[in-house]
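User: I would like to go through this model and ask, term by term, what justifies the words used to describe it. Please set each value against its criterion before drawing a conclusion.

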Amino acid sequence: MNATAASVDPAIEPAQDAPVVPPHFEQDAMPRLLLVDDEPRLLSSLYELLRDRDYHLVTASCGKEALAHLSRVRFDLVLLDLRLPDMSGHDIMDFINDRGIDADVIVMSGEVGIEAAIGALKRGAYDYLRKPYSREELLKTVANALQQRALASANMRIASQLENSEKLYRYLVDSSPDIIYTLNHEGKFTFVNDRAYQLLGFAREDLIGKHYSILVHEEDLERARYVFNERRVDERASRNVELRLKCHAGGNQDRTFNNTLMTISLNSIGMHVPDHEVKKLEFFGTYGVARDITDRKRAEEVISYQAYHDILTDLPNRMLFKDRLGLAVIQAKRKMTELAVMFIDLDRFKLVNDTLGHVKGDELLQQVSVRLKDCLRRGDTLARQGGDEFTIVLPELRDREDAKRIADKFLECLHKPFDLDGHEVHISASIGIAIYPGDGESIDELLRHADIAMYQVKALGKNGHSFYHNSMLDVSHQKIALEQSLRKALEQNELEMYYQPQMDVITGRIIGAEGLMRWNHPQRGLLTAGEFLPFAEENGLMLPISDWMIGALCRDMLQWNAQGGESIRLSLNLSPQYLDRGDFFEKMRGALVRYGISPAQIEVEITENICIRNPQYAIEQLNKLCQLGVSVAIDDFGTGYSSLSYLHRFPIHTIKIDQSFVKEIHDEHGHYPVILAIISIARGLGLHLIAEGVETDIQARYLKANGCLTMQGYLYHRPIALSNFMDLLRVQDIGAPQHQAPQLASMQS
């Protein structure tokens, strides 16, 4: 029969009398066989023998047809007769080999000579069957050839998969952000990925065969010995051990790593192989992963540093100071030595903060911290407690004189002016000192007693230092008691307004008075405002006290008005805290309406620092008062950071010359330029002028001669209760000679 008639490939033209291949042989999964024989009967019987198997069969009756099929279709197996009419089977095998056709060949030949078989086997024939062959022999040979081919194909596929898997694994390992390594039982590197070079600068060839210790920082070698020689493979294995590894490049730069060894399920840790002779696992090395945590460690260090340091001044904060003080106390106790704790509070800092703003205040604190640090000994600790408060521990004192010398150095260095962007600022400090163990053996005791000593300095005029003494504790307790009783004073109606008259020195008449608060303390008697208002400011009581003061002033004014006396103006000092509160204007207006008081009878005294602290807001609030009819005076003019431009912008009616300038007048014919300048400013701006604290005739004559015609002070009257003040006004109204006023003042004292 014609060989091509048996082809199942539609691309191959079928020949006559060739059996048709069943459709199910079209499946690509079936092995494809090419049957080549020039004997139609043998070719047909061969076809019939194999057709019931799951093979895809194609036949060829000559060499040309066989070559055509081989050129166009892939075959798994060729059953080849060596003797063909147009060429030999060897020629077909040469064609297969030359073209690199992937097909196995089983030679079927009637040749009796050995050369034919040798020629076929040399050309790579899978087997050589001599005709006539048995049915079983042929089927077995074909099955074996296809099975071997399938195994070879599977092996190639597995090898390819392994190769791809190895490439993927190596890619993943080399692309890992961590250093991945293996060590043998001697601790020498057997594998390391590319990350080691990227992070440490060591190439793979620099490390393979080298001991791990070439990478480890000398101080960490002992800890590293347990990690790099890890044998355990369970949860006991080393985890998250931090080591420092050396970098090949970059000099002595150390990087910190987290070296983690894991079990097999977690990329393995100890590496073992079975030892069948002793029936146990034999250790042959370790597997590890080193993760770069340098940035994390640096971030942790920054966070830790910030947790224990003041961000503004870079000094230790309260927490770190207590820690160092605790260590210093332990050392002092062990060595039986003394140490000093200082508490420093800056004088006039609030004034700078209020006038120049918080930014300049922060700059001042930074400059102060630098100066204080320069005064310290080695081993001393300076810390910022908060605000304008600093603490210092001076360990290993020889005697108290050491602490005194350092405190004097502090005061001296702070005495020099500070430059804040062109603003020359002068400050001082109040320093309290407590000595261990005499003034306390605990941290809290030492700090509390140093704080008490500091407040003693404040009370005595500031700008100095003082050692703690037990007697100060009584003063401190009095202060606490004062704060507590002040809260009750409002409820129990213990506060009272006193008035210091303001005199027209030309007519000798009282034209106004400044309202000053007094506290009728049930135990301590009459207290002036300076004795309790600072505590009120510290404890948030200025707002309710200011509310009370406005009401009291209006009630007192109502009593005078009810007697039909001459209209006078009463002034009151307004706290900066009260001005900052948005509803103070409504409070003022409400009180005036409630008591029926004319706004023209009220003058509000403010310090110039209020104007500079928040100019625009102050302008808005003061303008509201002026629109209401209340006048505004600047108290203590010239003592703060005054600016003439503010006098143009603010609705101000009166300037008060501070008593600190008046006290300097000792000669009525002398020259006092500050006072003359203030008088000139008031005259030039058309403002009313009042001198405070006038106590001598010389002062009064000098002020009058230079144009200041309104005065208040002890020369005329001390602050007096409302009843006495009303008596003075009644005497004035009935025409009593006013030259008696100084004598009245002495009687009132």
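User: How many bridges join β1 to strand β2, and do the two run parallel or antiparallel?

Analyst: This is a predicted model, and in it five bridges join β1 to β2 (residues 56-60), the two strands running parallel. Two strands count as paired if there are at least two bridges between them, so β1 and β2, with five, are called paired. One position in this pairing is R32, which stands opposite H56 in β2.

User: Which other strand is joined to β1 by bridges, and how many are there?

Analyst: Strand β3 (residues 77-81) is joined to β1 by four bridges, and these two strands also run parallel. Since the criterion asks for at least two bridges, the four found here make β1 and β3 a pair as well. Within β3, V78 is the bridge partner of L34.

User: What makes a right-handed β-α-β unit here?

Analyst: The unit consists of β1, helix α1 (residues 40-51) and β2. With the strands pointing away from the viewer, a right-handed path from the first strand over the helix to the second runs clockwise, and the crossover from β1 over α1 to β2 is assigned that hand.

User: What is the basis for describing β1 as mostly covered?

Analyst: Five of the five residues of β1 (residues 32-36) are buried, a term that requires under 20% relative accessible area. R32, L34 and V36 point one way from the strand, L33 and L35 point the other way, and all of them are buried.

User: Why is H521 called buried?

Analyst: H521, which is found in strand β20 (residues 509-521), has a relative accessibility of 9%, and because the limit for buried is under 20%, H521 counts as buried.

User: What makes the pairing of the H521 and S485 side chains a polar contact?

Analyst: The distance joining the two side chains is 3.5 Å, and the criterion accepts suitable N or O atoms within 3.5 Å, so the pair qualifies, at the limit itself. A polar atom of the H521 side chain also lies 3.0 Å from the backbone nitrogen of R524. Leaving out residues up to four places away in sequence, H521 touches L482, S485 and L527.

User: In what order do the strands of the five-stranded open sheet lie, and which are its edge strands?

Analyst: The order is β13-β14-β12-β17-β18, with mixed pairing. The edge strands are β13 (381-386) and β18 (464-467), because each of them pairs on one side only. Five bridges join β13 to β14 (residues 389-397), and these two run antiparallel, with G386 standing opposite E389 in β14.

User: How do you know that helix α14 packs on this sheet?

Analyst: Helix α14 (residues 443-459) touches β12, β14, β17 and β18, and its direction makes about 145° with that of β17. Touching here rests on heavy atoms within 4.5 Å.

User: Which residues of the largest nonpolar core touch the most other members?

Analyst: Of its 81 residues, these are I657, I675, V694, L703 and F725. The largest share of this core, ten residues, comes from helix α17 (residues 542-562). Neighbours within four places in sequence aside, L703 is in contact with I657, V662, I665, I675, A691, V694, C708 and M711.

User: What is known of a second core?

Analyst: A separate core of 35 residues includes V352, V368, A407 and A429. Nonpolar side chains tend to be buried together in soluble globular proteins.

Terms used: Residues are numbered from 1 along each chain as its sequence is written. This is a predicted model: local features need pLDDT of at least 70, side-chain atom pairs count only at pLDDT 80 or more; totals for chains, interfaces and linings use all residues. Side-chain values use heavy atoms; hydrogens and water are left out. A nonpolar core is a set of buried Ala, Val, Leu, Ile, Met, Phe, Trp, Tyr and Cys residues joined through side-chain atoms within 4.5 Å. Buried means under 20% relative accessible area, exposed over 50%, partly exposed in between (1.4 Å probe, protein chains only). A polar contact is a pair of N or O atoms within 3.5 Å; within protein, one must be able to donate a hydrogen and the other to accept it, and residues adjacent in sequence count only if both atoms are side-chain atoms. Axes are lines fitted to C-alpha atoms, for helices over the stretch in contact, and angles run from 0 to 180 degrees between N-to-C directions.
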